[in-house]
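Please look through the sequence and the structure shown here before reading on. The paragraphs that follow go from one region to the next and dwell on individual residues along the way.

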Amino acid sequence: MGYSPNKKSKGYWQDFSNVEKELWNAIRENNGLWPTQSTFKRLNKSYLIEQVGNNDGKFSLMERIGYNEQKREELASELEKIVLKAAA
């Protein structure tokens with residue numbers, strides 16, 4: 001039997017901090033965007049598709065890990081730069 005790098009220890013996914021860590025890694029690898037199912041597969045992280053379902057879905061997880069808040073802050077920062085540039 002070969003070693004599978006994606007094989008997690010028993011109980012790994014019951015600790016939400018592991019789910020959160022794995023999701024943020026996938027988001028970073030996807031240039032800060034929430035990965036689609038096909039992106040999870042392309043990133044060799046298809047095991048996260050099941051975790052999204054096990055944790056009440058995409059939108060629930062986005063809120064729970066603070067993804068939406070981070071995106072709002074990034075958008076506000078970009079809008080401020082645009083406004084300042086236009087006013088100059």
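In this predicted model, lysine 81 and glutamate 78 are joined by a salt bridge, and their closest N and O atoms are 3.5 Å apart. The two residues are separated by about one helical turn, because they stand three residues apart in helix H5. In general, an α-helix has 3.6 residues a turn, so residues three or four places apart point the same way. Side chains of opposite charge can pair when their charged atoms come close. Glutamate 78 counts as partly exposed, since its relative accessibility is 43%, a value that falls between the 20% limit for buried residues and the 50% limit for exposed ones.

Helix H5, which spans residues 67-87, carries further pairs of this kind. Glutamate 74 and lysine 71 form a salt bridge with an N to O distance of 3.0 Å, and both of these residues lie in H5, three residues apart, or about one turn of the helix. Glutamate 74 is partly exposed at 34% relative accessibility, and lysine 71 is also partly exposed, with a relative accessible area of 24%. Arginine 72 makes a salt bridge with glutamate 69, where the closest N and O atoms are 3.0 Å apart, and these two residues of H5 are again three residues apart, which separates them by about one helical turn. For glutamate 69 the relative accessible area is 38%, so this residue is partly exposed. In total, the structure holds five salt bridges.

Helix H5 also contains leucine 75, a residue that counts as exposed because its relative accessibility is 53%. Together with Leu79 and Ile82, Leu75 forms a nonpolar patch on the surface, and the accessible area of the three residues together is about 300 Å².

From H5 the reader can turn to tryptophan 24, which is found in helix H1. Is tryptophan 24 buried or exposed? With a relative accessibility of 15%, tryptophan 24 counts as buried, since the limit for that class is under 20%. Setting aside residues up to four places away in sequence, tryptophan 24 touches Ile65, Gly66, Tyr67 and Gln70. The C-alpha atoms of tryptophan 24 and tyrosine 67 are separated by 8.8 Å, although the two residues are 43 residues apart along the chain.

The loop between H2 and H3 holds both asparagine 44 and lysine 45, and these two residues can be taken in turn. Asparagine 44 has a phi near 60°, which is a positive value in a residue other than glycine. Most residues other than glycine have a negative phi. Asparagine 44 counts as exposed, with a relative accessibility of 54%, whereas lysine 45 is buried, with a relative accessible area of 10%. Which residues are in contact with lysine 45, leaving aside its neighbours within four places in sequence? They are Glu22, Ala26, Glu29 and Phe40, and for one of them, glutamate 29, a polar contact of 3.4 Å joins its side chain to that of lysine 45.

After this loop comes helix H3, made up of residues 47-54, in which Tyr47, Leu48, Gln51 and Val52 are buried. These four residues are on the same side of H3, because they cover an arc of only 145° around the axis. The exposed residues Glu50 and Gly53 are carried on the face of H3 that is turned away from its buried side. What covers the buried residues of H3? The cover includes helix H1 (16-29), helix H2 (37-42) and helix H4 (58-64).

Just after H3, the chain reaches aspartate 56, whose place is in the loop between H3 and H4. Aspartate 56 takes a positive phi of about 70°, although it is not a glycine. The relative accessible area of aspartate 56 is 67%, so this residue is exposed.

Terms used
Residues are numbered from 1 along each chain as its sequence is written. This is a predicted model: local features need pLDDT of at least 70, side-chain atom pairs count only at pLDDT 80 or more; totals for chains, interfaces and linings use all residues. Side-chain values use heavy atoms; hydrogens and water are left out. Buried means under 20% relative accessible area, exposed over 50%, partly exposed in between (1.4 Å probe, protein chains only). The arc is that of the directions from the helix axis to the C-beta atoms. Contact means heavy atoms within 4.5 Å. A polar contact is a pair of N or O atoms within 3.5 Å; within protein, one must be able to donate a hydrogen and the other to accept it, and residues adjacent in sequence count only if both atoms are side-chain atoms. Patches are made of residues with over 30% relative accessible area and no salt bridge: like charges are joined within 9 Å, nonpolar side chains (Val, Leu, Ile, Met, Phe, Trp, Tyr) within 5 Å. Accessible areas come from the Shrake-Rupley method with a 1.4 Å probe; for residues, only the protein chains shown count as cover. A salt bridge is a side-chain nitrogen of Lys or Arg within 4 Å of a carboxyl oxygen of Asp or Glu.
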